[in-house]
Amino acid sequence: MKNQPKLYFITGNRHKFAEVSELFAQEDLNYELRQKDLNPTEIQADTLEEVARFKLSSVKSKLDVSYFIEDAGFFVDIPLKGFPGVYSSYVFKTLGNEGILSLIKNFDDTKAHFSSVIALYYKPSEQIYLFKGRVDGKVSSKIKGNRGFGYDPIFISDIQPDKTFAELSKLEKNHISHRGIALRKLIEFLKKLN
Ligand code: IMP
């Protein structure tokens, strides 16, 4: 549609953009969603919120419109006490899903969650807003499914306990996922401003 203000999702992850644009498309929002990969600076910090705020401000000088970034983490609460958490990206590249499964292979009971933080820079007010989402579940004993990305093949949510996230469609994943929850909060916020 013409004359809609642009809203940029700053990400190099095409899977994330596909999830976000599918959810946006279902909503009657007066924004044109665009993807831009500006390679925001990733700091090593204790919380996703700190990482998200830093990422957001690291690209501010390159944009003249409202934009958001998203930072997610996979936390194996039992038995890994939240690992990999804020190290999820590095651990995925080094150990991968097989590595996580081998760390927990002697444990019958696991608990895990995904968390997502969306940080929005809203140009008209020049303010930063954070939106969070979380989904709880466990680690699958096997790698299963070929949809999604990252840790999806080893995560089973409490809401859909018969399938890993990698066995769900984008629509099904968005419905229950950490990112879907955070995004719906962002969308509600944007709707109130319109
Ligand atoms: P980041 O948000 O891109 O920093 O993600 C950190 C790590 O978690 C990366 O290795 C991602 O692949 C993984 N990750 C982020 N979101 C998801 C998700 O929705 N499903 C599975 N893995 C994810």
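Let me begin with a definition: a residue is called buried when its relative accessible area is under 20%, exposed when that value is over 50%, and partly exposed in between. The structure before you is a predicted model, and I shall describe its salt bridges and then its nonpolar cores.

Colleagues, the count of salt bridges in this model comes to 14. I have chosen three of them.

In one, the side chains of lysine 191 and glutamate 27 meet, with 2.6 Å from N to O. This pair connects distant parts of the chain: lysine 191 belongs to helix α6, while glutamate 27 sits in the loop between α1 and β2, and 164 residues separate the two. How accessible is lysine 191? Its relative accessibility is 30%, so lysine 191 counts as partly exposed. Glutamate 27, at 23%, therefore counts as partly exposed.

Next, please turn to lysine 55 and aspartate 71, whose side chains form a salt bridge of 2.7 Å, N to O. Here helix α2, which carries lysine 55, is linked to strand β3, which carries aspartate 71; the partners are 16 residues apart. Are these partners buried or exposed? Both lysine 55 and aspartate 71 are buried.

The last of my three examples pairs lysine 173 with aspartate 152, at 2.9 Å from N to O. Lysine 173 lies in helix α5 and aspartate 152 in the loop between β6 and β7, so this salt bridge ties together parts that are 21 residues apart in sequence. With a relative accessibility of 3%, lysine 173 counts as buried; aspartate 152 counts as buried as well, at 2%. These two residues also belong to a network, in which salt bridges with shared partners join Lys16, Glu19, Glu70, Asp152, Lys173 and Arg179.

I now move to the nonpolar cores. The largest contains 20 residues, and those with the most contacts inside it are Phe24, Phe68, Leu120, Leu186 and Leu190. Which elements give two or more residues to this core? They are β1, α1, β5 and α6. Of these, α6 gives the most, namely six residues. Helix α6 is thus a name we have met before, as the helix that holds lysine 191.

Phenylalanine 68 deserves a word of its own. Leaving aside residues up to four places away in sequence, phenylalanine 68 touches a list of residues that includes Leu7, Phe9, Val20, Phe24, Leu33, Leu56, Ile118, Leu120 and Leu186.

Finally, there is a second, separate core of 17 residues, with Val91, Tyr151, Leu168 and Ile176 among them. Thank you for your attention.

Terms used:
Residues numbered from 1 in each chain as written. Predicted model: local features only at pLDDT ≥ 70, side-chain atom pairs only at ≥ 80, totals over all residues. Heavy atoms only, no water. Core = buried A, V, L, I, M, F, W, Y, C linked by side-chain atoms within 4.5 Å. Buried < 20%, exposed > 50% of the residue type's maximum accessible area, 1.4 Å probe, protein only. Helix = DSSP H or I, 4+ residues; strand = E, 2+ residues; numbered from the N terminus. Contact = heavy atoms within 4.5 Å. Salt bridge = Lys/Arg side-chain N within 4 Å of Asp/Glu carboxyl O.
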